[in-house]
Amino acid sequence: MGCFVKSGHDMSVALEAGGSPSAVTIDGGLLWQLLPLGMCVVDESFRVHAWNRQLEAWTNLSAAQTLGRSLSELFPDWPRSRFASRIAQVLETGVPIVLS
């Protein structure tokens, strides 16, 4: 599974008024929803604030199912995964990474 992660401090994330949870606006656009890359936004507790369509396809989890839930809640093996420490690094430094 690939996922682009950037610190929530540097991203403006908001749900469109009256829109579905999958209609997440980041920096004013929905382009990130259309990219063929799995992308999400998580906070320091690994709680999901945004989940794009590609991650929906890869994980069979809709954005509505993931928003507000922690990655360890969604994926029980998350704390032991090779991604957990890399994403923790992003949250510490604010420097984005690409996982594949």
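Visitor: Which residues of helix α5 are buried?
Guide: This is a predicted model, and in it helix α5 spans residues 82–93. Residues three or four places apart in an α-helix point the same way, because there are 3.6 residues a turn. The buried residues here cover an arc of only 120° around the axis, so they sit on the same side of α5. They are Phe83, Ala84, Ile87, Val90 and Leu91.

Visitor: And which exposed residues does the face of α5 turned away from its buried side carry?
Guide: Let's go round to that other face of the helix. To count as exposed, a residue needs over 50% relative accessible area. On the face turned away from the buried side of α5, the exposed residues are Arg82, Ser85 and Glu92.

Visitor: Which residue just after α5 takes a positive phi?
Guide: Follow the chain just past the end of α5. The phi angle there is about 80°, and the residue that takes it is Gly94.

Visitor: Where is Asp43 placed?
Guide: Look for two strands, β4 at 40–42 and β5 at 48–51. Asp43 belongs to neither strand, since its place is in the loop between β4 and β5.

Visitor: Asp43 is buried, so why does it have no salt bridge?
Guide: A salt bridge needs a side-chain nitrogen of Lys or Arg within 4 Å of a carboxyl oxygen of Asp or Glu. For Asp43, the nearest side chain of opposite charge is Arg47. That side chain does not meet the cut-off, because its distance from Asp43 is 4.8 Å.

Visitor: With which side chain does the side chain of Asp43 make a polar contact?
Guide: A polar atom of the Asp43 side chain lies 3.0 Å from the backbone nitrogen of Arg47, but you asked about a side chain. Leaving aside neighbours within four places in sequence, Asp43 is in contact with His49 and Leu91. The polar contact between side chains, at 2.9 Å, is with His49.

Visitor: How many salt bridges does the structure hold?
Guide: In one, Glu73 pairs with Arg69, and their closest N and O atoms are 3.1 Å apart. In another, Arg80 pairs with Asp77, with the closest N and O atoms 2.7 Å apart. The number for the structure is two.

Visitor: Are Arg80 and Asp77 buried or exposed?
Guide: The cut-off for exposed is over 50% relative accessible area. Arg80 has 63%, and Asp77 has 52%. Both values pass the cut-off, so Arg80 and Asp77 are exposed.

Conventions
Residues are numbered from 1 along each chain as its sequence is written. This is a predicted model: local features need pLDDT of at least 70, side-chain atom pairs count only at pLDDT 80 or more; totals for chains, interfaces and linings use all residues. Side-chain values use heavy atoms; hydrogens and water are left out. Helices (H or I, at least four residues) and strands (E, at least two) are DSSP runs, numbered from the N terminus. Buried means under 20% relative accessible area, exposed over 50%, partly exposed in between (1.4 Å probe, protein chains only). Lys and Arg count as positive and Asp and Glu as negative; His and the chain ends are not counted. A polar contact is a pair of N or O atoms within 3.5 Å; within protein, one must be able to donate a hydrogen and the other to accept it, and residues adjacent in sequence count only if both atoms are side-chain atoms. Contact means heavy atoms within 4.5 Å. The arc is that of the directions from the helix axis to the C-beta atoms.
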